[in-house]
Amino acid sequence: MKMIQYEVIKNENSRPVKMWTKGVPVEQGAKEQLLKTAQLPFIFKHIAVMPDVHVGKGSTIGSVIPTLGAVIPAAVGVDIGCGMMAVQTSLTASDLPDDLAPLRLAIEKNVPHGSTPKNMGQDQGSWQDAPAIVDQYWQQLLPGFEKLTEKYPCFLKTNNYCHLGTLGTGNHFIEVCLDENQQVWIMLHSGSRGVGNAIGEFFIKLAKKDMETYFIDKYLPNNDLAYFVEGTEHFDDYLMAVNWAQEFARLNREIMMHNTIMAIRNTLNIEFTSYIQSVNCHHNYVQKEHHFGKNVFVTRKGAVSARKGELGIIPGSMGAKSYIVRGLGNEESFCSCSHGAGRVMSRSAAKRMFTIEDQMKATAHVECRKDADVIDEIPMAYKDIDAVMTAQSELVEIMHQLRQVVCVKG
């Protein structure tokens, strides 16, 4: 008989919470947050929890939240459509130079990254003179943006066009990796940037106002779990906005991948084939799906779709292994898997605990920045990726194991 890999937690007022976390630490605060979300009356069947789970704003990162007749903007979050892209190339390890610093610098030059504080001059994380590909992709997004801003002109003043094809900050990255056959992969992580953040923040606040208007706020387990009800104007507006931001995020990754490949071509001066295999997947998003005989809204907050045969990406932390996986179509998880290793400590805690010397030692095998501003991304701030993969072995199968040799951080 096959053993069930998940455990179930529940209280008398909640739907079940099924957790694929065996052998992986889970903070008590995350469990409490999950049970609060599971108390909402429109949760469908159960909440599915991935092994990289940890406390988030509003709802828990690493959770899959199926709903009937409502959506929770804070469950999607403010990095709408954040996700991963990876391509396999024909390059091998022997094609890479011993000194990888010029390659990292070329990628950094081709893809805007990081950010400049306000009132400190031009933002280094935005385009000052965007290349033609940004214009081409923006034309795909422009009709939806015009429709959105006709009703909500506040979004005109966001970083939108100037952030298309840019990396951002935090845990966003671009990496050159080698798989188990020494084949070169390019992998990157980013989302909908400034405009997606503005859309998320705006609709989270609007949902809270709706809860107050209809006297629902006092019944919420947490104020950040404010929601929109299907059939209302704000529900429709939010889905329009979030779908547009998710498309922005997908195209954002495509442009960055194109510009990264160009940087590698120009630096190595070698002809090679790219896109032998390609994956582009969200891990912060909402969409309608069919599960257990019902059409439901599935919100994945730090989780990846893993339908049977579907390719996905599960990155480890900076300096650790990453994986290209294929979904097993496990319905109990709403066909989902983790979006990474998951943090075990906050960014501030990591900066207090570790030093630049710790960072240099942990990333000795990777060409990357090794300074105080990236200590919060040190591998020890994350869960053990091997334990995470073992905990979700009934959700995905591993196709490729990747190790980073170059990492660009925002």
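Okay, let's start with a sheet: six strands form an open one, in the order S1-S2-S3-S4-S12-S11, and the pairing is mixed. Before I go on, keep in mind that this is a predicted model. At the edges of that sheet you'll find strand S1 (7–9) and strand S11 (284–291), and each has a single partner strand, so one side of each is left without a neighbour in the sheet. From one strand to the next, the twist averages 25°.

Let's zoom in on one pairing there. Strand S3 (residues 47–54) and strand S4 (residues 61–67) run antiparallel to each other, paired over three bridges. If you want a spot to click on, take Ala48, whose bridge partner in S4 is Val64.

Now, what packs on this sheet? Helix H1 (residues 28–37) does, touching S1, strand S2 (17–19), S3 and S4, and its direction makes about 155° with that of S3. Which residues of H1 are buried? They are Ala30, Gln33, Leu34, Leu35 and Thr37. The cover over them includes S1, S2, S3 and S4. As a general reminder, an α-helix has 3.6 residues a turn, so residues three or four places apart point the same way.

There's another helix to look at here. Helix H6 (residues 233–268) lies across S11 and strand S12 (294–301), and runs at about 110° to S11.

On to the seven-stranded sheet. This one is open too, with antiparallel pairing, and the order is S10-S6-S8-S7-S17-S15-S14. Its edge strands are strand S10 (277–282) and strand S14 (311–314), each of which pairs on one side only. Ignoring direction, neighbouring strands here are turned by 30° against each other on average. Have a look at S7 and strand S17 (residues 396–409): they run antiparallel and are joined by six bridges. Phe173, for instance, has Lys409 as its bridge partner in S17.

While we're in this part, let me pick out Met85. You'll find Met85 in strand S6 (residues 83–92). Buried or exposed? At 3% relative accessibility, Met85 counts as buried, since the cut-off for that is under 20%. What I like is the partner: Met85 and Asn280 are 195 residues apart in sequence, yet 4.2 Å apart in space, C-alpha to C-alpha. Leaving aside neighbours within four places in sequence, Met85 is in contact with a whole list of residues, including Ile186, Leu188, Arg253, Met257, Tyr275, Val279 and Ile313.

Next, the nonpolar cores. In soluble globular proteins, nonpolar side chains tend to be buried together. Here the largest core has 56 residues, and the ones touching the most other members are Val17, Leu164, Ile199, Phe203, Phe228, Tyr238 and Trp244. The elements giving two or more residues to this core are S2, H1, S3, strand S5 (70–71), helix H2 (73–76), H4, H5 and H6. The largest share comes from H6, with 10 residues. Val17 is a nice one to display: beyond its neighbours within four places in sequence, Val17 is in contact with Glu7, Val8, Ile9, Leu34, Leu35, Ala38, Ile47 and Val49. Apart from that core lies another, of 46 residues, among them Tyr6, Met318, Val366 and Leu402.

Last stop, the aromatics. How many aromatic pairs does the structure hold? It holds 19. Take Tyr152 and Phe202: the ring centres are 5.3 Å apart and the planes sit at 70°, so the pair is edge-to-face. Tyr152 lies in the loop between helix H4 (132–151) and strand S7 (173–178), while Phe202 is in helix H5 (residues 193–213), so the pair ties together parts that are 50 residues apart in sequence. Tyr152 is buried, at 9% relative accessibility, whereas Phe202 is partly exposed, with a relative accessible area of 26%.

Phe202 also forms an edge-to-face pair with Phe203, at 5.1 Å centre to centre and with 80° between the planes. Phe203 is buried, and its relative accessible area is 0%. Step back, and ring pairs link Tyr152, Phe155, Phe202, Phe203, Phe228 and Tyr238 into a cluster.

And two charged residues to finish. Lys45 lies over the face of Phe292, 4.7 Å from the ring centre, and Arg265 lies over the face of Phe272, at 4.3 Å from the ring centre. That's my tour, thanks!

Conventions:
Residues numbered from 1 in each chain as written. Heavy atoms only, no water. Phe/Tyr/Trp six-rings, centres within 6.5 Å; stacked < 30°, edge-to-face > 60°. Helix = DSSP H or I, 4+ residues; strand = E, 2+ residues; numbered from the N terminus. Buried < 20%, exposed > 50% of the residue type's maximum accessible area, 1.4 Å probe, protein only. Lys NZ or Arg CZ within 6 Å of the ring centre and 35° of its normal. Pairing = 2+ DSSP bridges. Axes fitted to C-alpha atoms, helices over the stretch in contact; angles between N-to-C directions. Contact = heavy atoms within 4.5 Å. Core = buried A, V, L, I, M, F, W, Y, C linked by side-chain atoms within 4.5 Å.
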